[in-house]
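Welcome! Take a moment to turn the structure around, and then use the short briefing below as a guide to some of its features.

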Amino acid sequence: MHRVASAGGVSGSSRPRKEKKLTYVLNDADDSKHCAGVNCVAVLKSAVRDSCDYLFTGSRDGTLKRWALGEDDATCSATFESHVDWVNDAVLAGNNTLISCSSDTTLKAWNCLFDGTCTRTLRQHSDYVTCLAAAEENSNVIASGGLGGEVFVWDLEAALYPVSKPTEAVEDENSNGIVGSGNSGMPMTSLRSIGSSSSISMHPSQSHGYSPIAAKGHKESVYALAMNDSGTLLVSGGTEKVVRVWDPRTGTKTLKLRGHTDNIRALLLDSTGRFCLSGSADSMIRLWDLGQQRCVHSYAVHTDSVWALASTPTFSHVYSGGRDLSVYLTDLGTRESVLLCTKEHPISQLALHDDSIWVATTDSSVHKWPAEGRTPQKVFERGGSFLAGNLSFTRARASLEGSTPVPVYKEPSFTIPGTPGVVQHEILNNRRQVLTKDTAGSVKLWEITRGVVVEDYGQVSFDEKKEELFERVSIPAWFTTDTRLGSLSIHLETPQCFSAEMYSVDLNTVGVPEDHKINLAEETLKGLFAHWLTKRKQKSGPQASVNGEIPLGKDLPVRSHSHSRVELEDKPDSHSSAVHPAFEFSTVSPPSIITEGSHGGPWRKKITDLDGTEDDKEIPWWCLDCILNKKIPHKDNTKCSFYLHPCEGSTVQVLTQGKLSAPRILRIHKVINYVVEKMVLDKPLDGVTSDAPFAAGGSLSTIVGDSSFRTGLKPLQKLKPNIEILCNNQVLTPEMSLATVRAYIWKKADDLILNYRVVQSR
């Protein structure tokens, strides 16, 4: 697990800034496949004969998937979507409970045989949660570790099942409350099955008042955990290069084992808890006897960091993988090793499944290889084995000398394919399209206001295509992007996101005046929440008032900002009620919304899965204010000041002496119309004087270039002079906006100066 951009700060903070942000993740591929590296795999064996086994995978795309395994196939039967950052690890705790951890600092519980709904969110870590461990025979106990140096031991029954509370506490119960720190010696009992209940909110949290046991002692990041079958022993390792041994029932530290010279990345315990295996970035695998408190064997089989370990049921052999792209099988007793297989990507995690092994890598695909897990000696009988060294980087030196082992298996027996992830992107100047390149080298053009790929260029030069698509236009940066989840994530943050406007004619919008201004963020939000709003209207149908207002269903908390309550107001503006075609999002591959939440914490959900019940505890208040009340923050710097003078040496009359102002998006052809009108009518316009706004009321479009003005000019067409507008002695095209002229022609901080002249008609 590699560190990525932080998803948030300490869990105890109120995170007021995060309420200002909304993210949506675009997807044009098959939702049944991962689009980023797979960090973890777990196998659930069926307890019923002739029933299929399941494989669970967790990915850097932020989702988990359940695969129904056949003889030679795997079908994605559910996607678990709620984490807002990388899924780093997942463990099965009980027959139908899946626990996952993420870089979003949370753990989440899922009914792994249900439809992918998150049943509980556990918040205690202050930084990325990197690893989990579960007790095989005590399915009520799990442990979690993370980059904050924290290790917590969870009593799942206490954490997932709240005690009975009065009715008035139910709403608070279903929010993502943040618990305090400290130890709680809760009894470890068997885990009850987790079912689905309609009373569970979209992202319910752990019961208030419960605190997991804190195993305190790590001063640096924790990357690996392991627990014995009974849950009475816990080992941890990380950047401190030591293996720490804990009593998970009390959180007390019992041992510290030294020997590795670099970060510890993987740990295993045998069923009894006597022997421990550790894999490290120093390329070594070490076998520890916890009873003797010492390292009894060292195995140098890898040429680089060891990231993953899996043992046979008898703990006689270990499968190991890591950064050197290889999986080795080693006999812990005889030290005999063999290169099982090798691929193109580092190995993240391993999971034995009968006589096969599932291999997760930093690629989006998952591979199944033959492993002979029940009789590993059969692998050695195929030849190619070598004796593992006992000194660090023995294998690296051997490789340099030319003695590279040959893999036993050339190809996997089965592959669950993923889709190429986006690794490069560029926001185009029109601020509505983004050019991307994926791991397969394909270059695509996205329209982010509809969430679709408008052009797939195939494997072409990204830089050349970027230059080809360059437009000399200037539109404010109203969104930001990243690709850390393998997909294109679009971030909207108030009030900056409301800074960009366009005329309807530039968006090819029909049914509205061409001079109607469209706010890009406002219309994008309307498109994203169109399904939510439809569901909301359906649910509140009988309660809808005569004037068309939609009640929110319950009072929302009073806020400290100027919008004390998000209530729907009756807005008759016909232009605002419908979603423009340029902002209609796909329902075939719908984007997912990610929000940090104003009260309940972060969550993620597809826009088509929103059921209309989400309120300001889940959706940022400013989004609701925009969608329901059609209110957006006041926009600064939407005007452009400029002077309009005759060209030097021209005999054209001086039309105005003062500074003018107009919207930044105003086109030059409207400035031409203004000059024409002044020259033809030969008199000043009402409301336009020296040092006055360009038009009465400060809105140029009401006078210059609107439909009524053009209609009024028709009788004077024969008198209309041919006018050119210049800036810095360059003739401006009529379609340029004032903002574009300022950015690409004027290029100064001073007020813009435009010149006009009459061109003789041919």
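Which charged end sits over the ring of tyrosine 54? The charged end of arginine 66 does, at 5.6 Å from the ring centre. Please keep in mind that this is a predicted model. The points below go through rings, a buried helix, a sheet and some repeats listed in a record.

**Charges over rings**
- Besides the arginine 66 and tyrosine 54 example, lysine 748 has its charged end over the ring of tryptophan 746, 4.5 Å from the centre of that ring.

**Aromatic pairs**
- The count of aromatic pairs comes to 11.
- One of them joins tyrosine 24 and phenylalanine 585 edge-to-face, with 5.6 Å from centre to centre and 85° between the planes.
- This pair links distant parts of the chain, 561 residues apart: tyrosine 24 belongs to strand E1 (residues 21-25), while phenylalanine 585 is in the loop between helix H8 (574-577) and strand E39 (592-595).
- Tyrosine 24 and phenylalanine 585 are both buried.
- Tryptophan 154 and tyrosine 210 make a tilted pair, because their ring centres are 6.3 Å apart and their planes stand at 40°.
- Tryptophan 154 is in strand E12 (residues 151-155) and tyrosine 210 is in the loop between helix H2 (170-173) and strand E13 (213-214), so this pair ties together parts 56 residues apart in sequence.
- Both tryptophan 154 and tyrosine 210 are buried.
- Elsewhere, Phe56, Phe80 and Trp110 come together as one aromatic cluster.

**Helix H6**
- Helix H6 (residues 520-528) is largely enclosed by the rest of the structure, because nine of its nine residues are buried.
- Those buried residues include the charged-type names you might look for in the viewer: Glu522, Glu523 and Lys526.
- At the N-terminal end of H6, asparagine 519 acts as a cap, with a side-chain oxygen 3.2 Å from the backbone nitrogen of alanine 521.

**A four-stranded sheet**
- Four strands form an open sheet in the order E31-E32-E33-E34, and their pairing is antiparallel.
- Strand E31 (422-427) and strand E34 (452-458) are the edge strands, each pairing on one side only.
- On average, neighbouring strands in this sheet are turned by 25° against each other, direction ignored.
- Strands E32 (residues 433-438) and E33 (residues 443-447) run antiparallel and are joined by five bridges.
- Leucine 435 stands opposite leucine 445 in E33.

**Repeats in the record**
- An unreviewed UniProt entry lists residues 122-157, 215-256 and 257-298 under "repeat: WD".
- In the model, residues 122-157 are 6% helix and 53% strand, and the end C-alpha atoms of this span lie 12 Å apart.

Notes
Residues are numbered from 1 along each chain as its sequence is written. This is a predicted model: local features need pLDDT of at least 70, side-chain atom pairs count only at pLDDT 80 or more; totals for chains, interfaces and linings use all residues. Side-chain values use heavy atoms; hydrogens and water are left out. Buried means under 20% relative accessible area, exposed over 50%, partly exposed in between (1.4 Å probe, protein chains only). Helices (H or I, at least four residues) and strands (E, at least two) are DSSP runs, numbered from the N terminus. A polar contact is a pair of N or O atoms within 3.5 Å; within protein, one must be able to donate a hydrogen and the other to accept it, and residues adjacent in sequence count only if both atoms are side-chain atoms. UniProt positions are given in the numbering used here, feature names are shortened, and annotations may be inferred rather than shown by experiment. Two strands pair if DSSP finds at least two bridges between them. Axes are lines fitted to C-alpha atoms, for helices over the stretch in contact, and angles run from 0 to 180 degrees between N-to-C directions. Rings of Phe, Tyr and Trp (its six-membered ring) pair if their centres lie within 6.5 Å; planes under 30 degrees apart count as stacked, over 60 as edge-to-face and the rest as tilted. A charge sits over a ring if NZ of Lys or CZ of Arg is within 6 Å of the ring centre and within 35 degrees of the ring normal.
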